[in-house]
Structures are given as structure tokens and as C-alpha cells.
Amino acid sequence: MTPRKTFAVFSAAALITGVCASAASAEPLAFAQLQHAAVAQATQVADTLGAASGGIYLDHGKAVVNVLDDAAAQKVQAAGLTAKKVKHSFAALTGVKNAMDGVKNVPQTAWGIDTRTNQVVVKVYDAASKSTVDTVSAAAAKYGDSVRVEHRTGKLELYISDGDAIQNSQGRCSLGFNVTRNGSPFLLTAGHCTNLGGTWSGGDVSGAQVVESDCPGADSGLLTRPNGTGPGEINTGQAITSAATPTIGEQMQKQGSTTGGGSGEVTSVDESVNFDVGVLNHEFGTTAHTDHGDSGGPAYDGSKGLGTLSGGDTVTSYFYPLTLELQAYGLELA
């Protein structure tokens, strides 16, 4: 990609330069509001079910609550929501996922809970070594039909490349969200970007320094913003007023300095993704298309910020949750 000469910083945008978002990628406000309301109601109802809950997901914007027995199904239906009877409780699946997290040093694999299929889904890429495949497959086999193993082509990669947007002498990334801490402005991006160190620049940002950098484990990075504050909005003009936890089935948007705007669907949450640099915990997967240089760019749903891009493959893009980043660094959205 040939670098562009003109830079423009748009606060929460992943984009400090490059391709502008297509107007077609903007989600209708009414649908976003309905989706938010559905998630809030379903979560509230599921929380009352205790061990009879199998978790929630969205099906074309409508909330579905997984249940283990008829009494729980009646409670969900009485609230005007769709109930789906499943075999495994969300607590049981969480236990399996946490047990899989004990499997270490297995790059090119990932796992997380898929509430739509009521399973922990383990992904094994063909770039994984035979020993990794054998180790992960043996671990997954212990849990019977509560686990599904998927074999995927390609390779998991953290997205970082040379070019424009926020950059230093070693690489290029994308701005995620404008944030503040104790009233001072900062830039939030991916930790595998800030791990490069150095001084960052791009657009009206000049001389930004790394103040926080966490990767692997998390994937969060914080830079100073020497040139003042920026608005809390995406470059499309979409205001970002809150941070929210993503939900499987949720429609989302993204911005990146390489691929620009786009949209997709959340396909996994709280996933442990084993990149070559190490495991990144609590990632959420999406169908949004991203590429090298988009790292650190934002995922969002209407006015809700969801996370910053880590990387992925040709099918799935992984983001680290914004709620965890704000909490870890004591930040507020600009």
C-alpha cells in the first residue's frame, strides 16, 4: 500500500490517515438501540437463572437465552424473550474454558465459549506444530461434547506494518480511542504496537511517548497526546460515549488505517488466542475484515466502544475489550 502524504487524526478513529469509511457501513441507529436493549434485558434475565443459564446470544438482533430446564424456559418466555434448551450450563462451559487456559505454549491455537452452539470451540491452525496439535487435541478430548475442535487454514498474525497513521521508526498501527486519565489526554492502541517503544507521530500527533504497554496476556498500549485532546468520536462522526462488553451475534463496526471502515458480527467472546508472541486473553472474535497496520483500531457498536484490534487471520479479526483497558489503566473516554 502506498503511503498517503496527508494526515488527519479523528480521535477515537482507528484511522489517522487512509481510506474513509463507506457510508454503507454505518449501522442504523434504531437497530443499534434495539440490539442494546435486547442484550441488556437478556443479560438481566439470564442472571436470575443461576445454574440453569446457558448464556445468551443475539440472532439477527433478537436475544436468545439458553436454559437447562423447563422452569427456566418459562421464566425467559414470561419476560418476552426466546428460550433455547441446551445441555451445558454457562458455568460448566466457563470451567472447561478455564481448564483449557492451563494448556500453555501452544501457538496458532485459540479457544472460547460459543453460546450459539453451547460449546467451547477450540481452533487449531495449520501453522501449528504437530506437538501443539497433539497437545491441544488431547486436552480438548477430555471434555466430550462440551468441546468442538475446528481445524483452520492459514496463520494467526498480529497486525502491524510500515506505512502511515500512528507510526515510529519500527512500524505502523492505528489509533483506537482518545482517553483521559486524571484529566490528562492519552491515546489508546494495541500493546503489541507500544511494545516497539520509541516516539510515535501521525496527523496532529507528534512526539507521543509510551506510558503503558501490556502484551502478551493483555494487548493494551497507552501513548501520551502532546498536542492536546481529541473528540470522543469515530472519523465517521459517530460519538463514542461508553464502553460495553461485546455479545455473540452483536453487529459491530471497525476502523483501521489500512482497510478503513467496515462492519461484521461478534462470533466469540472471552477467547484465549495463542499468537506466536504468546497468549492474549479475553479477546473477542469478529467477522470484520482487517489487515496489517489496522492494529489498535477500534471496534464499536453505535455509541458503545467495544475494543482495540489485535490481529487475526483471513476470516476472523480479534479485538481486546475496551472495558478491560479502561479498568486496567484507570482511564475514561474523551
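**Exercise 1. Count the aromatic pairs in this predicted model, then describe what you find.**

Step 1. The count comes to 1 aromatic pair, and keep in mind that we're working with a predicted model.

Step 2. The partners are phenylalanine 284 and phenylalanine 319, with 5.6 Å centre to centre and 20 degrees between the planes. Planes under 30 degrees apart count as stacked, so this pair goes down as stacked.

Step 3. Now place the two rings. Phenylalanine 284 belongs to strand β18 (residues 278-286) and phenylalanine 319 to strand β21 (residues 317-321), so the pair links parts of the chain that are 35 residues apart.

Step 4. Check the surroundings. Buried means under 20% relative accessible area. Phenylalanine 284 comes in at 0%, so it is buried; phenylalanine 319, at 1%, is buried as well.

**Exercise 2. Which ring has the charged end of arginine 181 over it?**

Step 1. Look at phenylalanine 186: the charged end of arginine 181 sits over its ring.

Step 2. Add the distance, which is 5.3 Å from the ring centre.

**Exercise 3. Find the backbone oddities and say where each one sits.**

Step 1. Start with what to expect: most residues other than glycine have a negative phi, and most peptide bonds are trans.

Step 2. Go for the peptide bond. Between cysteine 215 and proline 216 the bond is cis, with omega near 5 degrees. Proline 216 is in the loop that runs between β13 (205-214) and β14 (220-224).

Step 3. Next, phi. Asparagine 118 isn't a glycine, yet its phi is positive, about 60 degrees. This residue is in the loop between β4 (109-114) and β5 (119-125), and with a relative accessibility of 6% it counts as buried.

Step 4. Aspartate 270 also has a positive phi, near 50 degrees. Here the setting is a strand, β17 (residues 260-275), and a relative accessible area of 34% makes aspartate 270 partly exposed.

**Exercise 4. Take the largest nonpolar core apart: which elements supply it, and which members touch the most others?**

Step 1. The core has 16 residues, and those touching the most other members are Leu49, Val65, Val67, Val76 and Leu81.

Step 2. At least two residues each come from α1 (29-47), β1 (53-59), β2 (62-67) and α2 (70-78). The largest share belongs to α1, with 5 residues.

Step 3. Zoom in on valine 67. Leaving aside residues up to four places away in sequence, its contacts include Leu49, Ala52, Ala73, Val76 and Val86. Lys84 and Lys85 are among the residues it touches, too.

Step 4. Don't stop at one core: a second, separate one has 15 residues, including Met100, Val103, Val124 and Ala139.

**Exercise 5. In what order do the strands of the β1, β2 and β3 sheet run, and what packs on it?**

Step 1. The sheet is open, has 3 strands in the order β1-β2-β3, and its pairing is mixed.

Step 2. Spot the edges: β1 and β3 (82-85) each pair on one side only. From one strand to the next the twist averages 30 degrees.

Step 3. Take the β2 and β3 pairing, which is parallel over 4 bridges. For a register marker, use valine 64, which stands opposite threonine 82 in β3.

Step 4. Add the helix. α2 packs on the sheet and touches β2 and β3, and its direction makes about 165 degrees with that of β3.

**Exercise 6. Is strand β16 (residues 251-256) largely enclosed or largely open, and what are its partners?**

Step 1. Of the 6 residues in β16, 5 are buried, so the strand is largely enclosed by the rest of the structure.

Step 2. On to β17: 6 bridges join it to β16 in an antiparallel run, and the two form a hairpin with 3 residues between them.

Step 3. The other partner to note is strand β19 (residues 298-301), joined to β16 by 2 bridges, again antiparallel.

Step 4. Lysine 254 ties the picture together: it stands opposite glycine 262 in β17 and opposite alanine 299 in β19.

**Exercise 7. Zoom out: how many helices and strands does the protein have, and what share of it is buried?**

Step 1. Count 6 helices and 22 strands.

Step 2. Of the 334 residues, 53% are buried.

Step 3. Finish with contacts: among those with a separation of 6 or more, 64% involve residues 24 or more positions apart.

Conventions. Residues are numbered from 1 along each chain as its sequence is written. This is a predicted model: local features need pLDDT of at least 70, side-chain atom pairs count only at pLDDT 80 or more; totals for chains, interfaces and linings use all residues. Side-chain values use heavy atoms; hydrogens and water are left out. Buried means under 20% relative accessible area, exposed over 50%, partly exposed in between (1.4 Å probe, protein chains only). A nonpolar core is a set of buried Ala, Val, Leu, Ile, Met, Phe, Trp, Tyr and Cys residues joined through side-chain atoms within 4.5 Å. Contact means heavy atoms within 4.5 Å. Rings of Phe, Tyr and Trp (its six-membered ring) pair if their centres lie within 6.5 Å; planes under 30 degrees apart count as stacked, over 60 as edge-to-face and the rest as tilted. A charge sits over a ring if NZ of Lys or CZ of Arg is within 6 Å of the ring centre and within 35 degrees of the ring normal. Two strands pair if DSSP finds at least two bridges between them. Axes are lines fitted to C-alpha atoms, for helices over the stretch in contact, and angles run from 0 to 180 degrees between N-to-C directions.
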